[in-house]
Amino acid sequence: MSQIAQPVVEIRNLAKSYRRGDQVVSVLTNITFDIAAGDYVALMGPSGSGKSTLLNLIAGIDKPDSGVLRVGGIDITSLGEAELANWRSRNVGFIFQFYNLMPVLTAFENVELPLLLTDLPSRERADHVNAALSMVGLADRMEHFPSELSGGQQQRVAIARAIITDPTILVADEPTGDLDRVSAEDVLNMLGQLNRELGKTIIMVTHDPHSAANAHTVQHLDKGELRIEN
Amino acid sequence: MYYLKLILRNAMRHKLRTGLTVLGIVVAILAFGLLRTVVDAWYHGSDAASKTRLITRNSISLVFSMPLTYSSKIRQMEGVKAVSHANWFGGVYVTEKNFFPQFAVQASTYFDLYPEYLVPPGQMRDFQRDRKGALVGRKLVDAYGFKVGDQVSLRGTIFPGTWEFVVRGIYDGTEKNTDTAQFFFHWDYLNETMKRTAPRRANSVGVYVISLASADRAAEVAATVDHEFRNSLAETLTETEQAFQLGFVSMTEAIVVAIKIVSFLVIFIIMAVMANTMAMTVRERMAEYATLKALGFGPGHLTLLIFGESLAIAAFGSALGIALTFPVADKFGKAMGTLFPVFYVNSETLIMQMCAGLIVGAVAALLPCVRAANMRIVDGLRSVG
Ligand SMILES: Nc1ncnc2c1ncn2[C@@H]1O[C@H](COP(=O)(O)OP(=O)(O)O)[C@@H](O)[C@H]1O
Ligand SMILES: [Mg+2]
């Protein structure tokens with residue numbers, strides 16, 4: 001279990017349903033749990049159990065129907081569209097299953113992207129990008145386009161992009177889902193390192209028990225409800 | 001800088017698609033420019049018309065003439081500075097295809113009323129002295145290779161027979177829109193010949209040209225002239241040169257309107273094509289726009305990227321199209337020979353081409369922008385895999 005610390009994410013009675021045609025499909029019902037600062041949480045569960053939905057709510061790219069959701073002490077359900085976007089740019093680092101890099105931007109430019117929303121001058125932006133890319137071991141690939149990189153390398157660029165703004169939480173949805181075993185191991189090691197050495201709070205969706213073994217806490221979702229196991 | 005880079009690279013992602021779109025815009029803007037220029041060429045006579053000249057003709061129709069005696073009466077009227085007269089000759093040079101207007105003009109007075117025709121003084125003197133002399137415009141020189149001293153014969157259609165002339169001078173225009181595709185000769189030569197061959201048709205004038213002391217007396221002088229000849233054998237209709245020229249254009253108005261409609265249709269079609277391209281492009285990139293939104297970029301950023309890309313493509317195509325309009329219009333004008341005596345791309349056409357290009361780019365981006373701005377992030381992200 002995680003160490004006793006201030007919860008960075010507080011979730012109370014969270015519910016979410018989707019409308020499909022004129023049918024309302026309940027995806028999450030009554031989710032309650034905390035994530036401590038510096039924790040590394042794996043969200044597990046069968047396909048369609050609502051893992052991604054929960055992660056998207058925490059990351060502020062989707063809105064719950066009801067319940068309380070506080071991240072870093074801020075009730076993000078009460079934020080408007082623009083405020084929420086601004087909040088995400090400062091507080092959330094995204095890692096996607098398919099990397100979601102801009103294909104027309106180099107590794108350097110992709111990592112620089114979130115910094116365009118800050119008022120850092122370009123010299124300082126470059127310093128940050130260089131540091132982040134060095135950290136993920138891609139200092140020699142800065143000028144490469146995503147199509148010139150392997151899947152594992154692309155995901156490392158995405159990790160660099162996720163940490164470049166020093167966000168409150170890192171969210172990763174099946175970050176190894178599209179990778180071969182070796183690259184997957186690489187990415188998991190990197191996340192572990194970010195958590196251990198930089199104290200990053202990580203929330204990772206996975207259906208792979210081996211990946212989940214890297215995390216400190218595992219939350220099991222089943223049919224939209226939580227089962228806690230240690 | 002960063003955004004510009006992103007916009008331009010996005011525009012170049014599908015080279016073939018962008019290339020074809022640019023090609024379409026080039027063709028559309030070029031066609032638009034050419035068609036507008038044709039319309040302008042059609043109206044050139046009225047555009048170039050002087051505000052200080054009136055044209056008096058027989059009120060029944062241009063086909064009917066007026067007595068020569070009107071000349072001295074008009075000259076004495078208040079507000080009239082000078083009077084000259086002319087007849088439409090309507091002859092054929094070698095073959096019917098070689099169309100250019102020929103006028104029999106009162107040589108001693110006519111060119112005082114048309115300061116926009118520039119003739120070297122020596123040539124003017126030679127023309128005045130030679131009863132069979134002719135003055136030809138620069139465009140005719142370019143088209144038919146006339147030189148000073150050349151014998152030119154015209155086959156008369158209104159005035160029967162073969163008429164021989166000697167080119168005594170060549171005139172240029174002081175303005176870009178001066179008509180230099182005309183052929184002038186002595187009205188006296190025409191009249192003397194008619195006295196011999198068809199005396200009943202002698203001493204008759206097609207149009208009187210009146211030079212005004214001041215442009216704001218046009219209406220007043222016109223009324224005076226027409227009043228003077230009311231209830232006479234040949235009643236007159238006097239109007240400004242511009243109104244007179246527009247009268248010609250209105251005969252062919254339907255064609256002009258059709259050309260105008262087609263010119264806008266061309267723009268409308270390329271707008272639809274470009275809108276389709278942008279819609280396709282943006283739909284393909286929804287996951288990327290969703291990612292940008294997730295990272296905190298707002299609808300304004302997406303609008304900048306999408307509008308920017310659309311405008312960049314449209315601006316590039318338009319610039320090429322506009323640049324091509326000049327040489328193509330030049331070729332086209334030459335190929336049309338003397339049918340369009342004045343044929344050049346004016347600044348109004350250029351501005352309309354630029355506006356058309358910008359409107360095409362902006363309209364094409366409109367719907368994709370709205371779609372991307374309203375797209376929910378989770379839906380956009382799901383379109384990835
Ligand atoms: N944007 C959406 N619109 C409609 N239904 C959705 C949407 N997102 C998820 N769902 C539905 O919600 C359920 C849970 O989806 P998801 O959270 O993606 O599951 P998991 O990530 O655990 O596989 C699924 O039945 C899915 O079809
Ligand atoms: Mg999922």
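I'm counting a residue as buried under 20% relative accessible area, exposed over 50%, and partly exposed in between. Worth jotting down at the top too: this is a predicted model.

**Entry 1: E284(B)**

I began with E284(B), and its relative accessibility came out at 45%, so I put it down as partly exposed. I then checked which element holds it: E284(B) belongs to helix α9 of chain B, which covers residues 253-284. What does E284(B) touch once I leave aside its neighbours within four places in sequence? I got H14(B) and R17(B). I also looked up S383(B), which sits 99 residues from E284(B) in sequence, while their C-alpha atoms are 9.0 Å apart in space.

**Entry 2: I322(B)**

Next I went to helix α11 of chain B, residues 299-335, where I322(B) is found. Buried or exposed, I322(B)? Its relative accessible area is 12%, and with the cut-off for buried at under 20%, I322(B) is buried. For its contacts I skipped residues up to four places away in sequence, and noted I29(B), L350(B), Q353(B) and M354(B). I took the C-alpha distance for one of these, Q353(B): it is 7.0 Å from I322(B), with the two positions 31 residues apart in sequence.

**Entry 3: positive phi values**

I looked at two asparagines here, one per chain. N100(A) isn't a glycine, yet its phi is positive, about 50°. I placed N100(A) in the chain A loop that runs between β6 (92-95) and α3 (107-112). Its relative accessibility is 8%, so N100(A) goes down as buried.

In chain B, N203(B) also has a positive phi without being a glycine, and I read the value as near 55°. Where is N203(B)? I found it in the loop between α6 (187-197) and β10 (204-205) of chain B. N203(B) has a relative accessible area of 34%, so I have it as partly exposed.

**Entry 4: chain B as a whole**

I stepped back to the full chain. Chain B has 13 helices and twelve strands. Why do I call chain B more spread out than a compact globule? Because its radius of gyration is 29 Å, and the globule rule gives 21 Å for 385 residues, so chain B is well over that. I also took the span of the C-alpha trace along the principal axes, and chain B comes to about 95 × 45 × 30 Å.

Of the 385 residues in chain B, 50% are buried. I then sorted the contacts in chain B with a separation of 6 or more: 81% of them join residues 24 or more positions apart. The exposed area of chain B is about 18300 Å², and carbon and sulfur atoms account for 62% of that.

Charges last: I have 38 positive and 30 negative side chains in chain B. The centres of these two sets are 9 Å apart.

**Entry 5: where A meets B**

How many residues does each chain bring to the contact? I have 24 from chain A and 22 from chain B. Between them, chain A and chain B bury about 2100 Å², with 70% of it on carbon and sulfur atoms. On the chain A side I looked for the top three contributors: M102(A), V104(A) and L117(A) give 25% of the area chain A buries against chain B, more than any other three residues.

Note on methods:
Residues numbered from 1 in each chain as written. Chains lettered and ligands numbered in written order. Predicted model: local features only at pLDDT ≥ 70, side-chain atom pairs only at ≥ 80, totals over all residues. Heavy atoms only, no water. Helix = DSSP H or I, 4+ residues; strand = E, 2+ residues; numbered from the N terminus. Rg over C-alpha atoms; globule rule 2.2 N^0.38 Å. Buried < 20%, exposed > 50% of the residue type's maximum accessible area, 1.4 Å probe, protein only. Contact = heavy atoms within 4.5 Å. Areas by Shrake-Rupley, 256 points an atom, 1.4 Å probe, with all protein chains shown as cover. Lys, Arg positive; Asp, Glu negative; His and termini not counted. Charge placed at Lys NZ, Arg CZ, Asp CG, Glu CD. Buried area = accessible area lost by both parts, 1.4 Å probe.
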